[in-house]
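Me: Could you take a close look at one part of this model for me? I would like to hear how two of its helices meet, and which charged pairs sit around them.

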Amino acid sequence: GWPPAEDLRLTEVMSNHKSSQVNWDQLCQEHGMGRTARECHDRWTRYLKPGSRKGQWREEEDAIVLRVIFSSNGSGGGGGMNGNGGDSD
């Protein structure tokens, strides 16, 4: 796990990066606590980034996901969840 001091340091380093394109190799060096670029990226995007989801989904969120899955089943790809089209990151 990540101790609170490392989380705090990563948050401080991220506050100095105003660009939407983060150089994670450079950032982890600036973090200076022996973490890899991947570890810093994952920790930030999954746990520390403002607005990131933590914990279980609410029932309403589960219902939305299930509705999309079942509405796209057999519809020729209407939901965009079958790998045919949609945005790619």
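Reply: Happy to. Helices α1 and α2 are oblique to each other, and please keep in mind that this is a predicted model. The axes of α1 (residues 4-15) and α2 (residues 24-31) cross at roughly 125° and come within 9 Å. The crossing of α1 past α2 is right-handed. On the α1 side the contact is made by E6, R9, L10, V13 and M14, and on the α2 side by W24, L27, E30 and H31. By character, these contact residues are five nonpolar, three charged and one polar.

E6 deserves a second look, since its side chain also meets that of R35 in a salt bridge, at 2.6 Å from N to O. R35 sits in the loop between α2 and α3 (37-48) while E6 belongs to α1, so this pair ties together parts 29 residues apart in sequence. Both partners are shielded: E6 counts as buried at 12% relative accessibility, and R35 counts as buried at 19%. The pair belongs to a network of salt bridges that links E6, R35 and E39.

In all, the structure holds six salt bridges. Another of them joins R38 to D42, with 3.2 Å between the closest N and O atoms. These two are four residues apart in helix α3, which puts about one helical turn between them. Here the partners differ in setting: R38 is exposed, with a relative accessible area of 56%, whereas D42 counts as buried at 16% relative accessibility. Further along, R58 pairs with E60, again with closest N and O atoms 3.2 Å apart, and R58 counts as partly exposed at 48% relative accessibility.

How values were computed. Residues are numbered from 1 along each chain as its sequence is written. This is a predicted model: local features need pLDDT of at least 70, side-chain atom pairs count only at pLDDT 80 or more; totals for chains, interfaces and linings use all residues. Side-chain values use heavy atoms; hydrogens and water are left out. Axes are lines fitted to C-alpha atoms, for helices over the stretch in contact, and angles run from 0 to 180 degrees between N-to-C directions. Angles under 35 degrees count as roughly parallel, over 145 as roughly antiparallel, 65 to 115 as roughly perpendicular and the rest as oblique. A crossing is left-handed if the near helix is turned anticlockwise from the far one by less than a right angle, and right-handed if clockwise. Contact means heavy atoms within 4.5 Å. Ala, Val, Leu, Ile, Met, Phe, Trp, Tyr, Cys and Pro count as nonpolar, Asp, Glu, Lys and Arg as charged, and the others, Gly among them, as polar. A salt bridge is a side-chain nitrogen of Lys or Arg within 4 Å of a carboxyl oxygen of Asp or Glu. Buried means under 20% relative accessible area, exposed over 50%, partly exposed in between (1.4 Å probe, protein chains only).
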